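Thanks for making time this morning; I would like to walk you through one model, and I will give the cut-offs as the terms come up.

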Amino acid sequence: SGIPSFDISANKLVYVKTEVADPSEVYVADIAGKTPVKITALNTEWLAGRQLSYPEKRSFVNEKGLTVEYWVMKPTNYKAGEKYPLLLEIHGGPSSMWGPGEASMWHEYQYFCGKGYGVVYSNPRGSGGYGLEFLKANVNDWGKGPASDVLTALDKTVAAEAWADSSRLLITGGSYAGYLVAWIIAHDQRFKAACSQRGVYDLATFFGEGNAWRLVPSYFGGYPWEPAVKAILDRESPINYVQNITTPYIIFHGDNDRRTGFVQSEMLYRSLKVLGRPVEYVRHPGGTHELTRSGNNRQRIDQMLRTYEFFERWINKR
């Protein structure tokens, strides 16, 4: 389970808990976190009429000797002997950490499972929560190494799950994961369709456009005007491989996104349009970097419906 927020008052601990069985409820416990009592029932009636998919935790050791954890969710309409599409979900940050209790992703995971997709998600190198060596394992390597980790989780799921249809693979993610989606489909042609939200696509532009610009010197050791650093930023920027993207691609951004900025998404879209590739671009008016998490609910719903429609349109094309 996950604890998105908490407070302490009068020797009582009050907290919000997300778990696989329930997206969000409020609990009160003693100061040590013992004897918890659920004081809300926000989702009880809503959940009563729904079937949920429960993640199964797995792991593998990558080429750096790091243990990468990942989770697999079956489609809720799963029947033995049948084949289902598989959606690779990737987290942002890049130092975020996913697990079974994901407040920001609960509805998206369950939505796609409810629509007949399997879901696989992981904590690739660079994720938080696994120690300093794991956290620093993507320094000067935002693309190739993390891509290897998330694709290995995908490969192992396809190999282990008879229901996973390797001819109907999909990929999505936001922020840093929007970056990694673009990187992956510029280097790998296995996916039927792809979706990026609020992503970073040109690291030199990101340095000047986004308020998370410190990620550039922190991860790549300097600034775009320094020749050695510029070479790394060029190598690690998905926009420089755009000519290799042929996967049908839908790109989302909020036009008030100050975290990553929206110019890079326009650059990526414009480039793919000029190249004649199958691409769509949606920029939500007033949308912020919280587009698919705690942002405007109508825009969050719109994004998820558009993504599903886009995936369905391309998934059965040969």
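Which residues make the nonpolar surface patch of about 410 Å²? The patch is made by Ile3, Phe6, Ile8 and Ile31, where patches are built from residues with over 30% relative accessible area and no salt bridge, like charges being joined within 9 Å and nonpolar side chains (Val, Leu, Ile, Met, Phe, Trp, Tyr) within 5 Å. Before going on, I should say that this is a predicted model, in which local features need pLDDT of at least 70 and side-chain atom pairs count only at pLDDT 80 or more, while totals for chains, interfaces and linings use all residues. Residues are numbered from 1 along each chain as its sequence is written, and side-chain values use heavy atoms, with hydrogens and water left out.

Of the patch residues, Ile8 lies in strand E1, residues 2–9 (strands are DSSP runs of E with at least two residues, helices runs of H or I with at least four, numbered from the N terminus). Ile8 is partly exposed, at a relative accessible area of 47%; buried means under 20%, exposed over 50%, and partly exposed in between, with a 1.4 Å probe and protein chains only.

Turning to the helices, H4 (residues 144–160) and H5 (residues 176–187) pack at about 85°, their axes 10 Å apart, and they are therefore roughly perpendicular to each other, a label that covers angles of 65 to 115 degrees. On the H4 side the contact (heavy atoms within 4.5 Å) involves Lys144, Pro146, Ala147, Val150 and Leu151, and on the H5 side Tyr176, Leu180, Trp183 and Ile184.

Helix H4 also holds Ala153, which is buried with a relative accessible area of 0%. Leaving aside residues up to four places away in sequence, Ala153 touches Phe60, Tyr70, Val120 and Ser122. Its C-alpha atom is separated by 8.8 Å from that of Arg58, although the two residues are 95 apart along the chain.

That brings me to charge pairing: the structure holds 16 salt bridges, each being a side-chain nitrogen of Lys or Arg within 4 Å of a carboxyl oxygen of Asp or Glu. Arg58 pairs with Glu56, the closest N and O atoms being 2.7 Å apart; Arg58 is partly exposed at 22%, and Glu56 is partly exposed at 32%.

Finally, Asp302 forms a salt bridge with Arg306 at 2.6 Å between the closest N and O atoms, and both lie in helix H10 (residues 297–315), four residues apart, about one turn of the helix.

Notes. Areas by Shrake-Rupley, 256 points an atom, 1.4 Å probe, with all protein chains shown as cover. Axes fitted to C-alpha atoms, helices over the stretch in contact; angles between N-to-C directions. Parallel < 35°, antiparallel > 145°, perpendicular 65-115°, else oblique.
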